[in-house]
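Reader: I should be grateful for a close look at one part of this model, namely the largest pocket and the residues around it. Please set it in the context of the whole chain.

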Amino acid sequence: LNLELKGGGKQDVVVRLSNLLGQEVFSEVHSGVDLMTLTIDLSGYGNGLYVLEVQSLKGCFTQQVMIQK
């Protein structure tokens, strides 16, 4: 999974991936982000629906991610 994060100035960004039971399966915190590309290796996760959340001071973005192998 590739994410391109663009900010309007340097800010801290938290990226989380949770399963539908609400269990956090991936989490990273990046400090001072203005522009970055983040790659998350999903090969170790089982098939199913997950919730991706990207949070910063400017707001929160949530998207469902389907893994099918």
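Author: The account below begins with the chain as a whole, turns to the pocket and then follows several residues one by one.

The model is a predicted one. Its chain has 69 residues, of which 33% count as buried. The secondary structure consists of 4 strands and 0 helices, so that reading from the N terminus gives the order β-β-β-β. Along the principal axes, the C-alpha atoms occupy a box of roughly 35 × 20 × 15 Å. Taking contacts between residues at least 6 apart in sequence, 49% join residues at least 24 apart. The accessible surface amounts to about 4,600 Å², and carbon and sulfur atoms account for 49% of that surface. As for charge, there are 7 negative and 5 positive side chains, and the centres of these two sets are 4 Å apart.

The largest pocket holds about 200 Å³ of space. Its lining is made up of 14 residues, and those nearest its centre are Leu-5, Lys-6, Val-13, Val-54 and Ser-56. Two or more lining residues come from each of β1 (2–19), β2 (24–39), β3 (48–56) and β4 (59–67). Strand β1 supplies the largest share of the lining, with 6 residues.

Ser-56 is a useful place to begin, as one of the residues nearest the centre of the pocket. This serine belongs to strand β3. Ser-56 counts as partly exposed because its relative accessibility is 23%, and the buried class requires a value under 20%. Beyond its neighbours within four places in sequence, Ser-56 is in contact with Gln-11, Asp-12 and Val-13. Of these partners, Val-13 is itself listed among the residues nearest the pocket centre. A further relation concerns Val-15: Ser-56 is 41 residues from Val-15 in sequence, while their C-alpha atoms are 9.1 Å apart in space.

The contact with Gln-11 leads to strand β1, where Gln-11 lies. Gln-11 is buried, because its relative accessible area is 10%. Residues up to four places away in sequence being set aside, Gln-11 touches His-30, Ser-31, Gly-32 and Val-33, and also Ser-56, Leu-57 and Lys-58.

Leu-17 is another residue of strand β1. Its relative accessibility is 1%, and therefore Leu-17 counts as buried. Apart from residues up to four places away in sequence, Leu-17 touches Gln-23, Glu-24, Val-25, Phe-26, Leu-42, Tyr-50, Val-51 and Leu-52. Ser-43 is 26 residues from Leu-17 along the chain, and the C-alpha atoms of the two are separated by 14 Å.

Strand β4 is represented here by Phe-61. With a relative accessible area of 45%, Phe-61 is partly exposed, as the exposed class begins over 50%. Its contacts, neighbours within four places in sequence left aside, are with Leu-52, Glu-53 and Val-54. Val-54 is one of the residues nearest the pocket centre, and Leu-52 is also among the residues touched by Leu-17. Phe-61, like Ser-56, can be related to Val-15: Phe-61 and Val-15 are 46 residues apart in sequence, with a C-alpha to C-alpha distance of 9.6 Å.

Terms used: Residues are numbered from 1 along each chain as its sequence is written. This is a predicted model: local features need pLDDT of at least 70, side-chain atom pairs count only at pLDDT 80 or more; totals for chains, interfaces and linings use all residues. Side-chain values use heavy atoms; hydrogens and water are left out. Buried means under 20% relative accessible area, exposed over 50%, partly exposed in between (1.4 Å probe, protein chains only). Contact means heavy atoms within 4.5 Å. Accessible areas come from the Shrake-Rupley method with a 1.4 Å probe; for residues, only the protein chains shown count as cover. Lys and Arg count as positive and Asp and Glu as negative; His and the chain ends are not counted. The place of a charge is taken as NZ of Lys, CZ of Arg, CG of Asp or CD of Glu. On a 1 Å grid over the protein atoms alone, a cavity is a set of points where a 1.4 Å probe fits but cannot get out, and a pocket is an open set with protein on both sides within 12 Å along at least five of seven lines; lining residues have an atom within 4 Å of a point. Grid points are joined across faces, edges and corners, and a volume is the space filled by probe spheres set on the points.
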